[in-house]
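Hi,

Here is the structure I promised to pass on. Have a look at it first, then read my notes underneath.

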Amino acid sequence: MAKNPRNGRPYRRLVAQQKAMGLPCWICGHDIPANVDGRRHPFAFTLDHEQPLSKGGDLLDPANARSAHRRCNSARGNRPTVKPSRQKPALRW
């Protein structure tokens, strides 16, 4: 049985590097708060991939890694592009 590559040290290192940059969400453009629970809060940091993994994107390629809110990442799914919304969502945390 193959191991989950997201549990490995290289992936965790990539996540830590991306998070340390402090970049805003690449999908909505809002800042990502550093003080929220990453497993539950919809505006917590997640690592997103510009080229979705299901479409051939590389899990460990830093050029494919993007900072995103959990909510934005989930809403995007595996679509390779994002349609810009007409208005930015109200952020509450």
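Arg 76 is buried, because its relative accessibility is 4% and anything under 20% counts as buried. Keep in mind that this is a predicted model, so treat everything below as a reading of a prediction.

What does Arg 76 pair up with? Its partner is Asp 48, and the two form a salt bridge whose closest N and O atoms are 2.9 Å apart. This pair ties together distant parts of the chain: Asp 48 belongs to strand 1, Arg 76 belongs to helix 2 (residues 70–76), and 28 residues separate them. Asp 48 has a relative accessibility of 5%, so Asp 48 counts as buried too. If you're wondering about the chemistry, side chains of opposite charge can pair when their charged atoms come close.

In total there are two salt bridges. The other one joins Glu 50 and Arg 66, with 2.4 Å between the closest N and O atoms. Here again distant parts of the chain are linked: Glu 50 lies in the loop between strand 1 and strand 2, while Arg 66 is in strand 2, 16 residues apart. Are these two residues buried or partly exposed? Glu 50 comes out at 34% relative accessibility, so Glu 50 is partly exposed. Arg 66, at 23%, is partly exposed as well.

Next, zoom in on Asn 64. You'll find Asn 64 in the loop between strand 1 (45–49) and strand 2 (65–69). Its relative accessibility is 6%, which means that Asn 64 is buried. Its side chain reaches the backbone oxygen of Asp 58 at 3.3 Å. Setting aside neighbours within four places in sequence, Asn 64 is in contact with several residues, among them Gly 57 and His 49. Asp 48 and Glu 50, which you met in the salt bridges, are also on the contact list of Asn 64.

Last, the nonpolar cores. Which residues make up the largest one? There are six: Cys 25, Cys 28, Ile 32, Phe 45, Ala 68 and Cys 72. Phe 45 is a good one to click on: leaving out neighbours within four places in sequence, Phe 45 is in contact with residues including Val 15, Ile 32, Ala 68 and Arg 70. A second core, separate from that one, has five residues, including Leu 14, Leu 47, Leu 59 and Ala 65.

Cheers

Note on methods
Residues numbered from 1 in each chain as written. Predicted model: local features only at pLDDT ≥ 70, side-chain atom pairs only at ≥ 80, totals over all residues. Heavy atoms only, no water. Helix = DSSP H or I, 4+ residues; strand = E, 2+ residues; numbered from the N terminus. Buried < 20%, exposed > 50% of the residue type's maximum accessible area, 1.4 Å probe, protein only. Polar contact = N/O pair within 3.5 Å; in protein donor to acceptor, adjacent residues only side chain to side chain. Contact = heavy atoms within 4.5 Å. Salt bridge = Lys/Arg side-chain N within 4 Å of Asp/Glu carboxyl O. Core = buried A, V, L, I, M, F, W, Y, C linked by side-chain atoms within 4.5 Å.
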